[in-house]
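Trainee: I keep meeting words like buried, paired and contact. Could you show me how each one is earned?

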Amino acid sequence: MDFEQLRTFLEVCRLRSFSRAAEKLSVTQPAISAQIRTLENEVGARLFDRDGGKVTFTAAGKVFEPFAEHCLQCHNHIMVAVGELHRSPRGEISVSANEATSLYVLPSVFAQFKRQYSRVGLSIVRADRAQSVESVLSREVDFGVVSLPLKDARLTVDSIHRDEIVLVAPKGHSLAERDTVKFAEILQHSLLLPKQGRQRELIEDLFRSHDVQPRVAMEVESSELLKRLVVAGLGMGFLPRANVLADQKLGLLEIIRVEGVRLNRELAVIYRKDKTLTRAAHAFLEIATGRSRPHVPATPPATTSKTRQTK
C-alpha cells in the first residue's frame, strides 16, 4: 500500500467516478482501476461497487475512507515539517479567483510575491465565486479570492481589497459630459448587467431600493466582456473601478457619478481553517493582506491516549 493508491482511492471517493478521477489525476482509467484493485487485494475486501458508470462505497470502503484520509494528512504533516527545515519558502501555491480579479487585482500581489520568493511556484485557477469556494473546501487549491460577504465556519476569511462599483458609459455618451447625474436619468438608458454573482445582487438591490426596474440591454457572463460591450456602444454598465481605470485613461469609456449612489465591494482571500500553512503560504498571505503574521511551525497530529495504549 502506498500514498499514490490512497490518493487515487480518495479521488474516486470524491468524484464517484473512475474516469473523472483519471482525468483529474492525469492518468489513464486502466491505471486507476489497477491501483484500486491492488489496494483492494492488500485490504482484502472490495472498496467500491461498480455498476456501469456508477461508483458507490461498499461497507469496507466506508470504513477505509477516514483511515486513508488520516494517512495522507500525516504524510502532509511529515512533508511540511521537513520542508520547514529550509530557511526560505519553496513549493507551490495555488489560487482560485474569477477572471476580473485575476486580471485587475491579483497581478500586483503575484508580481511582488514572485520578486521575493522566486523559488515558489504560483498556479492560478480562473473560476467563478462559487467554484472558488468549493475548490478551497475540497482542497483542490490552497487559497481563493472572492467577494464578501462570505460566512462559512470552515473557512478563514482575510480582506485584501476594497473599491467602488461605478457606472461606466462609452466615450461620447450623453451622460458622460456631466459631472454628476440623477439616478432617475440612468433609467432612460439601456444597461448591460452581469448574469449572476455578487455584483448582480448589488445592482438589483440598488434598483429595488428605488422601486424601479432598469432597462436591460443584455446580460453577460463575463465582466471583461461587459466592459468591451460598453466600449462598443451597446449600453452602460456597472463595473469595479479597478477594472476600468486603464480604459478611462485611454479614453475608451467614461465613469459617470450618480448622485446618492455608492456601491462598494470587498474582496478577501479564503482558506480552510484546518489547513497546515507552509512558509510559502504564510508569505503569500502576508503579501496579499499587507499584514505580517506569526509563523507557527508545522507539528504532527496529537496522539490520543487510546493510540498510545495500543502501541
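Mentor: Here we go through some labels one by one.

Mentor: This is a predicted model, in which local features need pLDDT of at least 70, side-chain atom pairs count only at pLDDT 80 or more, and totals for chains, interfaces and linings use all residues. Residues are numbered from 1 along each chain as its sequence is written, and side-chain values use heavy atoms, with hydrogens and water left out.

Trainee: Why is E40 called buried?

Mentor: Buried means under 20% relative accessible area, exposed means over 50%, and partly exposed lies in between (1.4 Å probe, protein chains only). E40 has a relative accessible area of 7%. That value is under 20%, so E40 is buried.

Trainee: Where does E40 sit?

Mentor: E40 lies in helix 3, residues 29-43. Helices (H or I, at least four residues) and strands (E, at least two) are DSSP runs, numbered from the N terminus.

Trainee: What does the side chain of E40 reach at 2.9 Å?

Mentor: The backbone nitrogen of L47. A polar contact is a pair of N or O atoms within 3.5 Å; within protein, one must be able to donate a hydrogen and the other to accept it, and residues adjacent in sequence count only if both atoms are side-chain atoms. The 2.9 Å from E40 to L47 falls within 3.5 Å, so the distance test is met.

Trainee: Which residues is E40 in contact with, leaving aside neighbours within four places in sequence?

Mentor: A45, R46, L47, F48 and R50. Contact means heavy atoms within 4.5 Å.

Trainee: What makes strand 3 mostly covered?

Mentor: Strand 3 covers residues 91-97, and five of its seven residues are buried.

Trainee: How do you know that strand 3 pairs with strand 4?

Mentor: Two strands pair if DSSP finds at least two bridges between them. Seven bridges join strand 3 to strand 4, residues 120-126, so they pair. They run parallel. One bridge sets E92 against G121 in strand 4.

Trainee: How many bridges join strand 3 to strand 5?

Mentor: Three, and these strands run parallel. A97 stands opposite V145 in strand 5.

Trainee: What about strand 6: how many of its 16 residues are buried?

Mentor: In strand 6, residues 155-170, 12 are buried. 10 bridges join strand 6 to strand 12, running antiparallel. There, H161 stands opposite L267. Four bridges tie strand 6 to strand 10, also antiparallel. I165 has P240 as its bridge partner in strand 10.
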